[in-house]
Amino acid sequence: MLITETKCPICGSDNIEIKKDIKSIRVPLAEPVQQNFVYCHCKDCLADVLIESESKKEMAKKSFDSGKASMPLLIDKVKKSGIPDTRLERALRLAPHTVSRWKQGKQVSAAVMALTRYLAIMPELVEIAEKGFDEKFARKKIISKTFEKIKEYDDSFQAYYCENEFGYHFKCSALKNHILQEEDDYSNFEKYELAEAI
Ligand SMILES: [Zn+2]
């Protein structure tokens with residue numbers, strides 16, 4: 001880094017100080033990265049003028065490298081939910097050992113990273129792939145999973161759904177802090193059942 005400023009760019013005073021600053025930039029599901037700034041602080045006019053900062057390109061590379069470093073952790077999260085690498089490879093029609101290469105940071109593109117992040121936060125997406133990306137199954141799965149998550153916070157949560165010619169109909173209620181109302185009636189569902197997975 002070459003700092004050539006010797007005078008304040010605003011008032012021309014040489015009563016200046018070169019200061020450095022660091023900004024932390026968030027990377028999804030990975031360690032944040034730091035962006036370095038250099039600026040000129042003038043003790044006379046009190047101006048702070050930016051001289052140099054890491055470019056967008058440099059920052060994109062740092063973020064990508066941090067994302068790459070997070071791959072083993074993300075894949076382990078999928079594995080811990082009961083989906084081993086081989087099942088993941090079969091479901092996504094990937095060549096054998098692809099996942100292990102990803103873990104080593106090999107063949108990791110932005111698309112691979114995005115896919116792995118989706119899977120880490122919702123490993124059930126693998127089941128959707130296994131069902132041939134059937135939209136109806138996918139929607140039901142995502143809603144069931146959402147209900148399951150709500151139930152973790154509120155065990156009084158109940159959800160019912162029925163399926164008819166128009167699609168799925170859902171009814172749900174959280175009974176904590178809620179007095180059961182007469183209109184909380186699920187009996188009009190011909191075929192009701194507690195939504196799957198909760
Ligand atoms: Zn100045």
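1. A definition to start with: donors are N, O and S atoms within 2.8 Å of the metal, a limit that becomes 3.2 Å for Na, K and Ca. Please keep in mind throughout that this is a predicted model. With that cut-off, the zinc ion has as its ligands the SG atoms of Cys8, Cys11, Cys42 and Cys45, at 2.3 to 2.4 Å.

2. What is the geometry of the zinc site? The site is tetrahedral, with angles of 106 to 116 degrees among the 4 donor atoms. Four donors count as tetrahedral if all angles lie between 85 and 135 degrees, and the range of 106 to 116 degrees puts this site in that class.

3. The spacing of the zinc donors along the chain is also worth a look. It reads C-x2-C-x30-C-x2-C. Cys8 sits in the segment before strand E1 (16–25) and Cys42 in strand E2 (residues 33–42), so this pair ties together parts of the chain that are 34 residues apart in sequence. Both Cys8 and Cys42 are buried.

4. Next, the sheet. It is open, has 3 strands in the order E1-E2-E3, and its pairing is antiparallel. E1 and E3 are the edge strands, each pairing on one side only. From one strand to the next, the twist averages 30 degrees. Helix H1 packs on this sheet, where it touches E1 and E2, and its direction makes about 150 degrees with that of E2.

5. How many bridges join E1 and E2? The two strands pair in the antiparallel sense over 10 bridges. Within this pairing, Ile16 has Cys42 of E2 as its bridge partner. Cys42 therefore deserves a second glance in the viewer, as Cys42 is also the strand E2 member of the pair that ties distant parts together.

6. On the other side of the pairing scheme, E2 meets strand E3 (residues 48–53) in the antiparallel sense over 5 bridges. His41 stands opposite Asp48 of E3. E2 and E3 form a hairpin with 5 residues between them, and Leu46 in the turn has a positive phi of about 65 degrees. You may like to check Leu46 when you go through the backbone angles.

7. Now to charged pairs. Side chains of opposite charge can pair when their charged atoms come close. The count of salt bridges comes to 9. One of them joins Lys62 and Glu54, with 3.1 Å from N to O. Is each partner buried or partly exposed? Lys62 counts as partly exposed because its relative accessibility is 28%, while Glu54 counts as buried at 15%.

8. A further salt bridge links the side chains of Asp65 and Lys61, at 2.7 Å from N to O. Asp65 and Lys61 are 4 residues apart in helix H1 (residues 56–69), so about one helical turn separates them. Asp65 is partly exposed, at 34% relative accessibility, whereas Lys61 is exposed, with a relative accessible area of 51%.

9. Glu130 and Arg87 also form a salt bridge, their closest N and O atoms being 2.7 Å apart. This pair links distant parts of the chain: Glu130 belongs to helix H6 (residues 125–130) and Arg87 to helix H3 (residues 85–91), 43 residues apart. Both ends are partly exposed, Glu130 with a relative accessible area of 40% and Arg87 at 24% relative accessibility. Elsewhere, salt bridges that share partners join Glu124, Lys145 and Glu148 into one network.

10. Which residues does Ala91 touch, leaving aside those up to four places away in sequence? They are Val126, Ala129 and Glu130. Ala91 lies in helix H3 and is buried, at 9% relative accessibility. The C-alpha atoms of Ala91 and Gly132 are separated by 8.7 Å, although the two residues are 41 residues apart along the chain. Glu130 thus comes up twice in this note, as a contact of Ala91 and as the salt-bridge partner of Arg87.

11. Last, a residue from helix H5 (residues 110–121): Thr116 has its place there. Thr116 is buried, with a relative accessible area of 2%. Not counting residues up to four places away in sequence, Thr116 touches Met71, Leu74, Ile75 and Trp102.

How values were computed. Residues are numbered from 1 along each chain as its sequence is written. This is a predicted model: local features need pLDDT of at least 70, side-chain atom pairs count only at pLDDT 80 or more; totals for chains, interfaces and linings use all residues. Side-chain values use heavy atoms; hydrogens and water are left out. Four donors count as tetrahedral if all angles lie between 85 and 135 degrees; four count as square planar and six as octahedral if opposite donors are over 155 degrees apart and all others between 65 and 115; anything else is irregular. Buried means under 20% relative accessible area, exposed over 50%, partly exposed in between (1.4 Å probe, protein chains only). A salt bridge is a side-chain nitrogen of Lys or Arg within 4 Å of a carboxyl oxygen of Asp or Glu. Two strands pair if DSSP finds at least two bridges between them. Axes are lines fitted to C-alpha atoms, for helices over the stretch in contact, and angles run from 0 to 180 degrees between N-to-C directions. Contact means heavy atoms within 4.5 Å.
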